[in-house]
Amino acid sequence: MQYFAHSQLLWAPSESTKARSCEEEFRQFVNRRHGLNIAGFHDLHTYSVSDNTFWIDLWDYLEIKCSVPPSKVLEPGRLLEEIPTWFPGARLNYAENILSRDDDAIACTESNELGTVIHCNYRQLREHVRVMAAAMVANGLKAGDRVAAIVTNSITAVVLALATTSIGAIFSSTAIDIGASAILDRYCQIEPKFIFSETEAFYAGKTIDLIPKVTRIIRDLSIHGLEKAILLPGGISGLSKTSVSCLNTLTLSEFLECADDRPLTFEQLPFEHPAFILYSSGTSGKPKCLVHSAGGVLLQTKKDIKFGLSCRQGDTYFQYTSTGWMMWTFMLATLSCGGRIILYEGSPFHPTLGRFLRFIDEQKVDFFGTSPRFLSEVQSQGIEPLAIAPFQSLRIIVSGGAVLTPALHTWTQSAFGDDKYIYSASGGTDICATLVSCSPSIPVYAGEIQAKSLGMKIEIYDYSGNNIEDTGTPGELVCTRPHPSLPVCFWGDRTGAKLRAAYFDLYPGVWRQGDFAVVNPRTRGLIILGRSDGVLNPSGIRFGSAEVYNMLESFSSSIEDTLCVGQRRPDVDWDERVLLFVKMRKGYRFTNQLAEEIKAAIRSGLSRRHVPAWIGEVQDIPYTVNGKKIEIAVKQIVSGIDVQPTATIANPESLALYHKFRNLQHSQGRVMARL
């Protein structure tokens, strides 16, 4: 029970808050439909995971548009028995459901550090999608083809995603600050037919020429089936395709010249037809390509937006994100509810944090999605948000991507106002949905995630597969019933063996998320204690150690080995930080200059967010008898957990070397993390 020593009540819903929530509306809908007497959220959750009736109820309540309704809820899966086929017989289109309106209400607002604000209403958005889809079809795109994008968080990105999915092609995007090697590790696997790319970026007051990186990517993808590369116009300096000498490279205007007057049509496809490819963090090699179904992403993200935010027509959701994070795909469901999304590209700290906070208020944002790192930075700068803006429209702040500590949760509640509903949630790129989230009908306690998401049968297992959640003991967070947004497959994993090994091997038939979690038996709230696998997660930016290792190959003449792990110590670290241990070859010394060269290589090849917070020397790296680096045990040790060496460790004495790194100064990590 040490994890719940505080359990401080931060917020409790009023009766009017409960009454106007979409969750309450759905509860009454279910009661009327089935003659039940479900009394509150926890009873509703029990109903949602009892059988599959919930998913039909949800389909009807959310008014999913389809040309053919489902004949039943599910049938056995064709690839893996753990992943059934949902809503067999149904025919629908993702983009048709997202484009819920065709009027002059604002659908998207695009902005950046320069203060530019561009609005796009639903009628204009639909026309942009029509033109883009017409050009794609004229250039030979068809259902099942892949479209890749290296794009800013913009209206253009939304248009690309919706045009692609309207045809039944598969969309995949990455952020503009990811390095060429990391992008190629992803896109060479899926072999896109088209790639759309920015030619420049503007971040923290600096213009970045993307042409050299894009040129390399286009040339390498050309031997992997790429037919056309479309360069988006640079909004700052006007960089264009004249700087890129690659075959079949077009400007966006040249590509759109192929569009004709054909109407916007929505290809009607099975529920499980792929719509998006997202990527795992690449812990054990190249990132795995997670193929998500159109129906699964639609149903789950609309459920989370509708119930978590009570999003209705005319509401505004501002999720600070990049196009490379699952939250970008997640927020698109706001449009299916008739709301508006804010698309912001740039640093929230440039030119000032105060201006960014005023932007939230000026745009009358109802729901603001952010991270603990952002909130911590506001706090550390001594900023009082309510002294900058009144935030009268703001109703909900959603914190995701990392653990929201009790202290930071409490500060946020006080700083933005007692009337604000502030909650944290956790899910994953793996499912493009939440596993544990919120309910506006139950209280919020400091540092706790309120509840299990509706339809998700979440349990806490010990290593033997026993449910231990009622004991207050931490364990593996698992999902013991299938749900519609389980990934269809890993791209290229024809037998499903890799998918099964990633999620179902530890507990056969049960989805293991890879999070270490604990349930408060009194409040039923949950705390995510960190990753139970080797995925690194500083400030919600998930990536794998293998991506870092790949960037260090050029140092092999002087560096013998490396180990990259996360560190998060209770009551010391508000967020996980990444430590990189270096074992030098005989005759070579570890120096500050070498550390700087390593950071520069990682920053250039991946991104600034991949740069470890601390880099230092160690005399030995632990390995299993099978020759695998032991990351999890080291992660536990440096985070303050005592680990007993087992017979599977080839050099068990090496683990003792890492105990001294428990006391690394927090300030050192924070300074280096900014580099």
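Which residue follows α21, and is its phi positive or negative? The residue is Gly640, and its phi is positive, near 100°. This report describes a predicted model, beginning with the helix that ends just ahead of that glycine.

**Helix α21 and the sheet it packs on**

Of the 8 residues of α21, 6 are buried, so the helix is largely enclosed by the rest of the structure. The buried residues are Glu631, Ala633, Val634, Lys635, Ile637 and Val638. Glu631 and Lys635 are thus listed as buried alongside Val634 and Val638. The cover over these buried positions includes β30 (526-531), β31 (535-536), α19 (545-551), β33 and β34.

Two of those covering elements, β33 and β34, belong to an open sheet of 3 strands with the order β33-β34-β35 and mixed pairing. Its edge strands are β33 (559-567) and β35 (614-617), each of which pairs on one side only. Neighbouring strands are turned by 20° against each other on average, direction ignored. Helix α21 (residues 631-638) packs on this sheet and touches β33 and β34, and its direction makes about 55° with that of β33. Within the sheet, β33 and β34 (residues 577-584) run antiparallel and are joined by 8 bridges. One bridge pairs Val565 with Leu579 in β34.

**Nonpolar cores**

The largest nonpolar core has 94 residues, and Leu125, Met136, Val158 and Phe196 have the most contacts inside it. Helix α7 (residues 155-167) supplies the largest share of this core, 9 residues. A second, separate core has 67 residues, including Cys289, Met584, Val634 and Val638. Val634 and Val638 are also among the buried residues of α21.

Met136 illustrates the packing in the largest core. Leaving aside residues up to four places away in sequence, Met136 touches Leu141, Val147, Leu160, Ala163, Thr164, Ile167, Phe194, Phe196 and Phe255.

**Contact of α4 with α11**

The axes of α4 (residues 53-61) and α11 (residues 294-309) come within 11 Å and cross at roughly 70°. That crossing makes α4 roughly perpendicular to α11. On the α4 side the contact is made by Phe54, Trp55, Leu58, Trp59 and Tyr61, which meet Leu299, Gln300, Lys303, Lys306 and Phe307 in α11. By class, the contact has 7 nonpolar, 1 polar and 2 charged residues.

**Other strand pairings**

Another open sheet has 3 strands in the order β22-β23-β25, with antiparallel pairing. Its edge strands, β22 (426-428) and β25 (451-452), each pair on one side only. Strand β23 (residues 433-437) pairs with β25 over 2 bridges in the antiparallel sense, and Ser437 stands opposite Ala451 in β25.

Ala425 lies in the loop between β21 (421-424) and β22. With 17% relative accessibility, Ala425 counts as buried. Apart from residues up to four places away in sequence, Ala425 touches Ser399, Gly400, Thr434, Val436, Ser437 and Ile449. Ser437 therefore appears both as a contact of Ala425 and as the residue opposite Ala451 in β25, and 30 Å separates the C-alpha atoms of Ala425 and Ile118, which are 307 residues apart along the chain.Ile118 belongs to β6, where Glu110 stands opposite it. Strands β5 (residues 106-112) and β6 (residues 117-121) run antiparallel and are joined by 5 bridges. Their hairpin has 4 residues between the strands, and Gly115 takes a positive phi near 90° there.

**Backbone features**

Which peptide bond is cis, and what is its omega? The bond from His350 to Pro351 is cis, with omega near 0°. Pro351 sits in the loop between β18 (340-345) and α14. The buried residues of α14 (residues 353-362) are Leu353, Gly354, Phe356, Leu357, Phe359 and Ile360.

The table lists residues with a positive phi.

| Residue | Phi |
|---|---|
| Phe87 | about 50° |
| Glu191 | about 50° |
| Lys364 | near 50° |
| Gly115 | near 90° |
| Gly640 | near 100° |

Phe87 is found in the loop between β3 (85-86) and β4 (91-92), and at 1% relative accessibility Phe87 counts as buried. Glu191 is in the loop between α8 (180-190) and β9 (194-197). At 39% relative accessibility, Glu191 counts as partly exposed. Lys364 follows α14.

Conventions
Residues numbered from 1 in each chain as written. Predicted model: local features only at pLDDT ≥ 70, side-chain atom pairs only at ≥ 80, totals over all residues. Heavy atoms only, no water. Core = buried A, V, L, I, M, F, W, Y, C linked by side-chain atoms within 4.5 Å. Buried < 20%, exposed > 50% of the residue type's maximum accessible area, 1.4 Å probe, protein only. Contact = heavy atoms within 4.5 Å. Axes fitted to C-alpha atoms, helices over the stretch in contact; angles between N-to-C directions. Parallel < 35°, antiparallel > 145°, perpendicular 65-115°, else oblique. Nonpolar A, V, L, I, M, F, W, Y, C, P; charged D, E, K, R; others polar. Pairing = 2+ DSSP bridges.
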